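Trainee: I'm new to this one and would like to zoom in on a single part. Could you pick out the helix story and walk me through it, then show me what else is worth a look?

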Amino acid sequence: MLSVIVAHAVQLTGTDGGAIYEYDAASQTFVLVATHEMEPELVEALRAHPPRFGEGTVGRAAASRQPVQIADILEEGTYDDRLRELFGRHGLRARLAVPLMRDEEIVGALVVRRKLPGPFSPELTDLLQNFATQSVVAIQNARLFREIEDKR
């Protein structure tokens with residue numbers, strides 16, 4: 001279900017790829033749980049080094065409870081050096097992260113990426129934010145399903 005959500009987010013925004021992260025409050029990290037149009041090397045790197053609360057695009061979006069974007073990942077100081085180089089190799093330049101919230105609780109984050117540098121329009125940001133709000137229900141249902149399976 002989460003893969004469908006991220007695929008629709010990418011399609012709706014006309015971007016080149018995306019991901020959904022779930023927030024793990026115990027470790028204060030964001031676990032990559034679904035991707036769309038992402039190379040295996042990127043997925044491995046993001047799973048090996050999950051974003052922390054308050055850090056990176058995902059962590060800052062969650063901490064501020066607002067969308068965070070990077071208009072050009074390749075600009076010095078805009079992104080973690082290790083990941084900036086990796087994203088650059090794959091031609092990814094712009095990134096938009098939207099926090100997934102349930103009431104005031106952080107559930108995760110929805111991220112879209114684009115090969116063209118430049119800011120995301122306010123309309124596109126609003127669209128992704130509205131889509132993210134609707135996605136929280138599906139993520140909560142997936143969590144509950146996992147808990148039920150674990151108890152069996």
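Mentor: Sure, let's start with the buried side of helix α5. Its buried residues are Leu 124, Thr 125, Leu 128, Phe 131, Ala 132, Ser 135, Val 136, Ala 138, Ile 139, Gln 140 and Arg 143. Keep in mind that you're looking at a predicted model. What covers those buried residues? The cover includes α1 (2-13), along with the strands β1, β3 (68-70), β4 and β5.

Now follow α5 from end to end. The helix runs over residues 122-151, which makes 30 residues. From its first C-alpha to its last it reaches 43 Å, close to the 44 Å expected at 1.5 Å a residue. Along the way α5 has a kink of about 30 degrees, and Gln 134 is at the centre of that kink.

Next, hop over to β1, one of the elements covering α5. The structure holds two aromatic pairs. In one of them, Tyr 23 and Phe 30 sit 4.7 Å apart, centre to centre, with 40 degrees between the planes, and the pair is tilted. Both of these residues are buried. Tyr 23 also pairs with Phe 53: here the ring centres are 6.0 Å apart and the planes are at 50 degrees, so this pair is tilted. That second pair links distant parts of the chain, since Tyr 23 is in strand β1 (residues 17-24) while Phe 53 is in the loop between α2 (40-48) and α3 (56-64), 30 residues apart. Put together, Tyr 23, Phe 30 and Phe 53 make one aromatic cluster. Why is Tyr 23 called buried? Its relative accessibility is 14%, and the cut-off for buried is under 20%. Phe 53 has 31%, so it counts as partly exposed.

There's another ring to look at: Arg 114 lies over the face of Phe 120, 3.9 Å from the ring centre.

Finally, check two loops for backbone angles. Most residues other than glycine have a negative phi. Glu 37 isn't a glycine, yet it has a positive phi of about 55 degrees. You'll find Glu 37 in the loop between β2 (29-36) and α2, and it counts as exposed because its relative accessibility is 55%. Asp 103 also has a positive phi, near 55 degrees, without being a glycine. Asp 103 lies in the loop between β4 (94-102) and β5 (105-114), and with a relative accessible area of 69% it is exposed.

Terms used
Residues numbered from 1 in each chain as written. Predicted model: local features only at pLDDT ≥ 70, side-chain atom pairs only at ≥ 80, totals over all residues. Heavy atoms only, no water. Phe/Tyr/Trp six-rings, centres within 6.5 Å; stacked < 30°, edge-to-face > 60°. Buried < 20%, exposed > 50% of the residue type's maximum accessible area, 1.4 Å probe, protein only. Helix = DSSP H or I, 4+ residues; strand = E, 2+ residues; numbered from the N terminus. Lys NZ or Arg CZ within 6 Å of the ring centre and 35° of its normal. Expected span 1.5 Å × (residues − 1). Bend = angle between axes of the 7 residues up to and from the residue. Contact = heavy atoms within 4.5 Å.
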